[in-house]
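This note is meant for a colleague who is opening the structure for the first time. The points below are best read with the sequence and the 3D view side by side.

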Amino acid sequence: VKSPQPQEGVAEKYRKDKVADYKPFNFVDREGVRCSIYLSGCLFACEGCYNKIVQNFDYGIAYTTELEEQIMADLRQPYVQGLTLLGGEPFLNTKVALRLARRIRAEFGRTKDIWGWTGYYWDELASESEDKQELLRLMDVLVDGRHELEDGLAPLLVAVERREGSNAHDRNVVARVLVLGEELAHLHLDELEDLLVVDHVALVERDDQGGNADLAGEQHVLA
């Protein structure tokens with residue numbers, strides 16, 4: 001597993017703006033009905049990666065306006081809860097990820113949530129380039145960390161949402177708080193009571209929780 005130095009993985013240097021797959025209306029990439037986009041390219045080379053083929057920045061097809069319009073149309077369906085960004089590594093594809101995330105916020109505000117799966121750790125992203133930090137601010141939930149093979153189990157998930165309208169999953173809640181969204185830069189300690197740790201799933205198998213579909217073994221929506 002590669003561990004990058006701060007700002008070593010510059011998206012502008014590696015990105016090819018390729019999409020490995022787009023999966024609308026799925027139930028496996030976390031909460032609710034979701035639209036999931038897999039962005040090509042990753043530098044972490046995690047042992048046991050489910051999507052090794054997507055580590056290649058040249059894999060897949062180009063991100064197009066037509067695909068973006070399809071994603072937005074799918075998100076407009078009232079039963080769709082939000083978008084999930086996966087890879088590959090979304091934070092090494094910030095041109096595409098930011099373009100889509102900005103448009104979602106402009107049209108839907110926070111009524112549609114954005115989840116992201118990344119090989120970076122939260123504290124690493126805090127020292128990263130502005131494009132990565134902007135993408136982080138636009139997200140609602142981040143699943144962070146390299147895929148570590150320990151008895152075939154996966155990394156930790158920590159998520160924070162606003163208390164209003166949230167559905168708390170009372171499983172192994174811990175003190176570590178991951179704060180995402182526009183309020184990040186303005187959060188004060190006395191405002192923590194307005195936030196709720198809604199999920200911390202330690203060492204859960206990814207095939208049960210989503211985020212690691214075997215793309216090489218499936219028929220692609222984009223094909």
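1. The model is predicted, and a good place to begin reading it is Leu 85. Setting aside residues up to four places away in sequence, Leu 85 touches Ile 37, Leu 39, Pro 90, Ala 97, Ile 114, Trp 115, Gly 116, Trp 117, Leu 135 and Met 139.

2. Leu 85 is also one of the residues with the most contacts inside the largest nonpolar core, a set of 36 residues in which Ile 37, Ile 71, Leu 75 and Leu 83 are likewise named for their contacts. The elements that contribute two or more residues to this core are β1 (18–26), β2 (33–39), α2 (65–75), β4 (80–87), α3 (94–108), α4 (122–125) and α5 (130–138). Helix α3 gives the most, with seven residues. Another core, of nine residues, lies apart from this one and includes Tyr 38, Val 54, Leu 86 and Val 143. As a general background, nonpolar side chains in soluble globular proteins tend to be buried together.

3. Helix α3 deserves a point of its own. With 15 residues, α3 reaches 20 Å from its first C-alpha to its last, which is close to the 21 Å expected at 1.5 Å a residue. Its buried residues are Thr 94, Val 96, Ala 97, Leu 98, Leu 100, Ala 101, Ile 104, Arg 105 and Phe 108, and these pack against α1 (11–14), β2, α2, β4, β5 (113–117) and α5. After the helix comes Gly 109, whose phi is positive, near 60°.

4. Within α3, Leu 100 offers a closer view of that packing. Leu 100 counts as buried because its relative accessible area is 1%, under the 20% limit. Apart from neighbours within four places in sequence, Leu 100 is in contact with Ile 37, Tyr 63, Glu 68, Ile 71, Met 72 and Leu 83. In the case of Met 72, which is 28 residues away along the chain, the two C-alpha atoms are separated by 8.7 Å.

5. Which residue forms a salt bridge with Lys 95? The partner is Asp 17, with the closest N and O atoms 3.9 Å apart. This pair links distant parts of the chain, since Lys 95 belongs to helix α3 and Asp 17 to the loop between α1 and β1, 78 residues apart. Lys 95 is partly exposed at 49% relative accessibility, whereas Asp 17 is buried at 17%.

6. A second long-range pair is formed by Asp 113 and Arg 34, whose closest N and O atoms are 2.7 Å apart. Asp 113 lies in strand β5 and Arg 34 in strand β2, 79 residues apart. Both partners count as buried, Asp 113 with a relative accessibility of 10% and Arg 34 with 0%.

7. The side chains of Glu 128 and Lys 132 meet in a further salt bridge, at 3.7 Å from N to O. Glu 128 is buried at 5% relative accessibility, and Lys 132 is buried at 0%. Elsewhere, Glu 68, Glu 69, Arg 99 and Arg 103 are joined into one network by salt bridges that share partners. The count of salt bridges comes to 15.

8. Some backbone details should be checked in the 3D view. Gly 87 and Gly 88 are joined by a cis peptide bond with omega of about 10°, and Gly 88 lies in the loop between β4 and α3. Phe 25, in strand β1, has a positive phi near 55° although it is not glycine, and it is partly exposed at 33% relative accessibility. Ala 45, in the loop between β2 and β3 (61–62), also has a positive phi, of about 50°, and is partly exposed at 34%.

9. The overall layout can now be set around these details. The protein has six helices and eight strands, which run α-β-β-β-α-β-α-β-α-α-β-β-β-α from the N terminus on. Of its 223 residues, 50% count as buried, and the accessible surface comes to about 10,700 Å², with 50% of it belonging to carbon and sulfur atoms. Among contacts between residues at least 6 apart in sequence, 76% join residues at least 24 apart.

Terms used:
Residues numbered from 1 in each chain as written. Predicted model: local features only at pLDDT ≥ 70, side-chain atom pairs only at ≥ 80, totals over all residues. Heavy atoms only, no water. Core = buried A, V, L, I, M, F, W, Y, C linked by side-chain atoms within 4.5 Å. Buried < 20%, exposed > 50% of the residue type's maximum accessible area, 1.4 Å probe, protein only. Helix = DSSP H or I, 4+ residues; strand = E, 2+ residues; numbered from the N terminus. Contact = heavy atoms within 4.5 Å. Expected span 1.5 Å × (residues − 1). Salt bridge = Lys/Arg side-chain N within 4 Å of Asp/Glu carboxyl O. Areas by Shrake-Rupley, 256 points an atom, 1.4 Å probe, with all protein chains shown as cover.
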